[in-house]
Amino acid sequence: MTTRRAAALAAVVLVGASAACGRAARSHTIEIRGFAYDPARLEVAPGDTVVWINRDAVPHTATREGGGWDSRSLASQSEWRLVVTRDDGGPYFCTFHPTMRGTLVVRAR
Amino acid sequence: MSPTMFPRRPRRPTLVLALLVVPSVAALACKPRERAAAPPAAAGQTALSDAQIAHIAVTANSIDSAMGELAKSKARSAAVRDFAQTMITDHGGVNRQAVQLATRLNLTPEANDVSRQLQRGADSARASLSSASGAAFDRAYIAREVEYHQAVLDALDKTLVPNAKNAELKTLLQSVRPAFVAHLERAKQIQSTLGNR
């Protein structure tokens with residue numbers, strides 16, 4: 001019985017901690033297709049993971065304006081992931097095709 | 001303007017489309033002065049077959065990739081050199097896709113009046129660019145890229161996509177369109193920074 005009580009207590013504590021921190025970290029996908037980021041604007045929370053997948057036949061990048069993070073050259077069908085911190089938001093673009101633009105919005109949960 | 005070039009009462013709309021559009025496709029690698037003097041590229045050209053369209057697509061990509069190689073070695077501006085490298089990479093990538101598709105479809109690209117004239121125009125433009133240097137080269141190369149990509153877009157929309165019969169070929173042609181749009185926009189951006197003289 002003591003063991004069961006301890007397990008139940010642990011579960012309650014875990015659920016409570018999870019609720020206190022908001023929902024669990026999520027994974028988001030941005031597809032690069034037709035020389036565009038899809039979705040072009042994505043709202044995420046710190047701790048979330050964003051995965052860029054290049055579906056085009058040519059290389060692209062996802063590069064934050066003003067520095068901070070940069071996928072560097074992403075070959076066709078390859079992917080790059082970023083675990084987001086609160087300072088990672090803002091516009092980004094493809095250094096090879098600067099007319100391609102996206103925005104990452106970071107909001108605390 | 002001869003009646004042969006623009007028949008008043010055409011028998012087939014497709015033929016008229018080819019006559020009106022194909023000359024602009026074929027002349028798109030020429031300088032404006034040369035283009036004005038160029039003969040109508042493919043007068044008498046009938047509707048294009050898939051094999052011919054594939055050859056035009058591969059030729060158009062190869063031309064711009066080769067022109068990128070020239071610009072990479074001659075351009076003064078870093079932005080122009082970067083653009084040239086992107087042309088080499090992207091048009092090479094698109095061509096690999098086109099060749100893979102042609103192989104899978106057992107489609108042998110067939111040389112035709114349009115692709116031959118494209119190549120002649122490119123040779124002429126290359127000779128002209130080869131004699132330029134420094135900032136004048138940058139301006140001439142980027143001006144040609146603006147014109148070239150606009151002309152290819154027109155050709156895709158008005159001739160190549162509408163005439164493609166195989167669904168996969170049509171899809172490929174449609175899928176490369178955003179590349180030409182992005183290249184055109186970037187070339188215009190760079191052009192605006194280079195000035196006129």
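Reader: What makes strand β7 (residues 90-93) of chain A and β8(A) count as paired strands?

Author: In this predicted model, four bridges join β7(A) to β8(A), and the two strands run antiparallel. Pairing requires at least two bridges, so the four bridges between β7(A) and β8(A) satisfy the condition. As one example within this pair, A:P91 has A:T103 in β8(A) as its bridge partner.

Reader: How do you know that β3(A) is joined to β8(A) too, and in which direction do these strands run?

Author: Strand β3 (residues 41-44) of chain A is connected by four bridges to strand β8 (residues 101-106) of chain A, and here the run is parallel. Since at least two bridges are needed, β3(A) and β8(A) are therefore a pair as well. Within β8(A), A:V106 is the residue that stands opposite A:V44.

Reader: What makes β2 and β6 of chain A edge strands?

Author: They belong to an open sheet of four strands in chain A, whose order is β2-β1-β4-β6 and whose pairing is mixed. In that sheet β2 (37-38) and β6 (79-83) each pair on one side only, and that makes them the edge strands.

Reader: How do you know that the pairing in this sheet is mixed?

Author: Two of its pairs show both directions. Strand β1 (residues 27-32) of chain A is joined to β2(A) by two bridges, and these strands run antiparallel, with A:D38 in β2(A) as the bridge partner of A:E31. By contrast, six bridges join β1(A) to strand β4 (residues 49-54) of chain A in a parallel run, where A:I32 has A:N54 as its bridge partner.

Reader: What is unusual about the backbone at A:P39 and at A:R72?

Author: Most residues other than glycine have a negative phi, and most peptide bonds are trans. Set against that, the peptide bond from A:D38 to A:P39 is cis, with omega near 5°, and A:P39 lies in the loop between β2 and β3 of chain A. A:R72, a residue other than glycine, takes a positive phi near 60°, and this residue is found in the loop between β5 (63-64) and β6 of chain A. A positive phi near 60° also occurs at A:G34, in the hairpin of β1(A) and β2(A), which has four residues between the strands.

Reader: Why is α3(B) called roughly antiparallel to α4(B)?

Author: Helix α3 (residues 50-74) of chain B and α4(B) pack at an angle of about 155°, with their axes 8 Å apart. Angles over 145 degrees count as roughly antiparallel, so α3(B) and α4(B) earn that description. The crossing of α3(B) past α4(B) is left-handed. Residues of α3(B) in this contact include B:A54, B:A57 and B:V58, while those of α4(B) include B:V80, B:R81 and B:A84. By class, the contact has eleven nonpolar, eight polar and four charged residues.

Reader: Why does α3(B) receive the description roughly antiparallel with respect to α6(B)?

Author: The axes of α3(B) and helix α6 (residues 134-163) of chain B cross at roughly 170° and come within 12 Å. That angle is over 145 degrees, and therefore the two helices are roughly antiparallel. Among the residues that meet here are B:I53 and B:I56 in α3(B), and B:F137 and B:Y141 in α6(B). The contact of α3(B) with α6(B) divides into ten nonpolar, one polar and two charged residues.

Reader: Which parts of chain B touch chain A, and how many residues are in contact?

Author: Twelve residues of chain B are in contact with twelve residues of chain A. On the chain B side, α4 (78-104) and α7 (167-194) each supply at least two residues. That side of chain B divides into four nonpolar, five polar and three charged residues. For the complex, the predictor gives an ipTM of 0.72 and a pTM of 0.77.

Reader: Where in chain B is the pLDDT below 50?

Author: Chain B averages a pLDDT of 82, and 76% of the residues score at least 70. The pLDDT is below 50 over residues 1-23 of chain B, a stretch that has 29 contacts in the model beyond near neighbours in sequence. Residues 29-45 of chain B also have a pLDDT below 50, with 38 contacts counted in that way. Where pLDDT is low, the predicted coordinates should not be read in detail.

Technical notes. Residues numbered from 1 in each chain as written. Chains lettered and ligands numbered in written order. Predicted model: local features only at pLDDT ≥ 70, side-chain atom pairs only at ≥ 80, totals over all residues. Contact = placed C-beta atoms within 7 Å. Nonpolar A, V, L, I, M, F, W, Y, C, P; charged D, E, K, R; others polar. Axes fitted to C-alpha atoms, helices over the stretch in contact; angles between N-to-C directions. Parallel < 35°, antiparallel > 145°, perpendicular 65-115°, else oblique. Left-handed = near helix turned anticlockwise from the far one by under 90°. pLDDT = per-residue confidence, 0-100.
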